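Please walk through the model below, from single residues to the core and the ligand shell.

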Amino acid sequence: MTIAQHLLETYHQWAGFETIFLKAIATGQGHSYFGGPPDEPARAQVPVHPPTLAAPMSSIISVANLSKTYGSGFKALKNVNLDIRRGEIFALLGPNGAGKTTLISIICGIANPSEGKVLVGGEDIQISYRKARSLIGLVPQELHTDAFESVWATVSFSRGLFGKPKNPALVEKILKDLSLWDKKDNKIITLSGGMKRRVMIAKALSHEPQILFLDEPTAGVDVELRKGMWEVVRALQQSGVTIILTTHYIEEAEEMADRIGVINKGEIVLVEDKTTLMQKLGRKRLTLHLQGKLGALPESLSKYKLELCDSGATLVYDYDTKGERTGITSLLSDLRTAGIRFNDLDTTQSSLEDIFVDLVRTS
Ligand SMILES: Nc1ncnc2c1ncn2[C@@H]1O[C@H](COP(=O)(O)OP(=O)(O)OP(=O)(O)O)[C@@H](O)[C@H]1O
Ligand SMILES: [Mg+2]
């Protein structure tokens, strides 16, 4: 194989479906997150709030009665209904094989739905594929880029695939934001796994999408860089981009998301504001470490939901975080009256992880 043939082959592998579908996408779709529409001069340094922010609660993606049965006969999605609000960060959580990537692939037009309808920015993804797809930046779960291209060329080329004019200032800003600037001339093959993932993010941002899908964006990215990427994602949100991410790091969703969706076995189990979810399903637990062991609870404490643990050495009290009265003050007073003393106490609150595990177990 000649070098030219080899380069051609790797180019085709890298570009994959994007080359097939995106080459002909016309300019003029959507608003940029760093600058105005493409017919205006680029203003790479100044984040602009697109007019879409005026209606932050409206849906930018609407998924209705969506089902997917793969050729094998496997039903990966079952009647999914989901609306993504303009400008939000939405975290889609679910165990391996739940259907997250399948759902994203359908919204992005990579896989066909078996039933149902998806609107992106008001455009039906099956009728107006190109218009809908041009609004979306996708960072896929599986990494595939041309190993022998430089970081700079890869990201710039990606922008060209969407028919956008060259904008070196924007590419520079994206690479700097993602801590890839010093690697801009490196071939992709020479990068670490976490760097390659950041190149995928840079590619997805290169055409200034209004919507960004991040399918496991921080898998294999170290803690410090992960935090840096969260900052980039937040800055994108502030500039008006809607972000949908999947993650297995629940603390990432807890940290980042405005709303949480949980999917299990192809069905949406729950969609909720994160804070509401944590208040609604979160529990607090007060643990009292007693001075002496207690054989049984006195009758005077029977009105409380108390549990004696560690052979009577600790007393555990679960209470509702959203209730106006936790009952703690009267419990402590009744304990004193009953002559039960303690050395120490601590409280714990259920995390999003506890809530998620409970939801998936029971669904
Ligand atoms: N091309 C395919 N053909 C047949 N079945 C598939 C195909 N792609 C995915 N599936 C099946 O559909 C189900 C959902 O897969 P999907 O990749 O959407 O899960 P996921 O939620 O993204 O999981 P993970 O957290 O592991 O990424 C799985 O059971 C998977 O085996
Ligand atoms: Mg997946």
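Is Asn79 buried, partly exposed or exposed? Asn79 is partly exposed, because 13 other C-beta atoms lie within 10 Å; a residue is buried if 20 or more other C-beta atoms lie within 10 Å of its own, exposed if 12 or fewer, and partly exposed in between, with C-beta atoms placed from the backbone. This is a predicted model, in which local features need pLDDT of at least 70, side-chain atom pairs count only at pLDDT 80 or more, and totals for chains, interfaces and linings use all residues. Residues are numbered from 1 along each chain as its sequence is written, while chains are lettered from A and ligands numbered from 1 in the order in which they are written.

Asn79 belongs to strand S2 (residues 75–85); helices (H or I, at least four residues) and strands (E, at least two) are DSSP runs, numbered from the N terminus. Though not a glycine, Asn79 has a positive phi of about 50°. Most residues other than glycine have a negative phi. Asp310 also is not a glycine and has a positive phi of about 50°. Asp310 sits in the loop between strand S12 (306–309) and strand S13 (314–320), and counts as exposed because it has 12 C-beta neighbours inside 10 Å.

Helix H4 (residues 151–161) has Val151, Thr154, Val155, Ser158 and Arg159 buried. Down the axis of H4, these buried residues fall within an arc of 135°, so they line one face of the helix; the arc is that of the directions from the helix axis to the C-beta atoms. An α-helix has 3.6 residues a turn, so residues three or four places apart point the same way. The buried residues of H4 pack against helix H5 (168–177) and helix H6 (193–205).

The largest nonpolar core (buried Ala, Val, Leu, Ile, Met, Phe, Trp, Tyr and Cys residues joined through C-beta atoms within 7 Å) has 67 residues. H6 gives the most to this core, with 6 residues. Domain 1 (3–278) and domain 2 (283–362) both contribute residues, so the core lies between them; the domain bounds come from an automatic or database domain assignment. Ala91 is among the residues with the most contacts inside the core.

Around ligand 1 there are 13 residues, the closest being Tyr70, Asn96, Lys100, Thr101 and Thr102; a residue is near a molecule if its C-beta atom, placed from the backbone, lies within 6 Å of it. Helix H2 (residues 100–107) supplies the largest share of this shell, 3 residues.

Methods
Contact = placed C-beta atoms within 7 Å.
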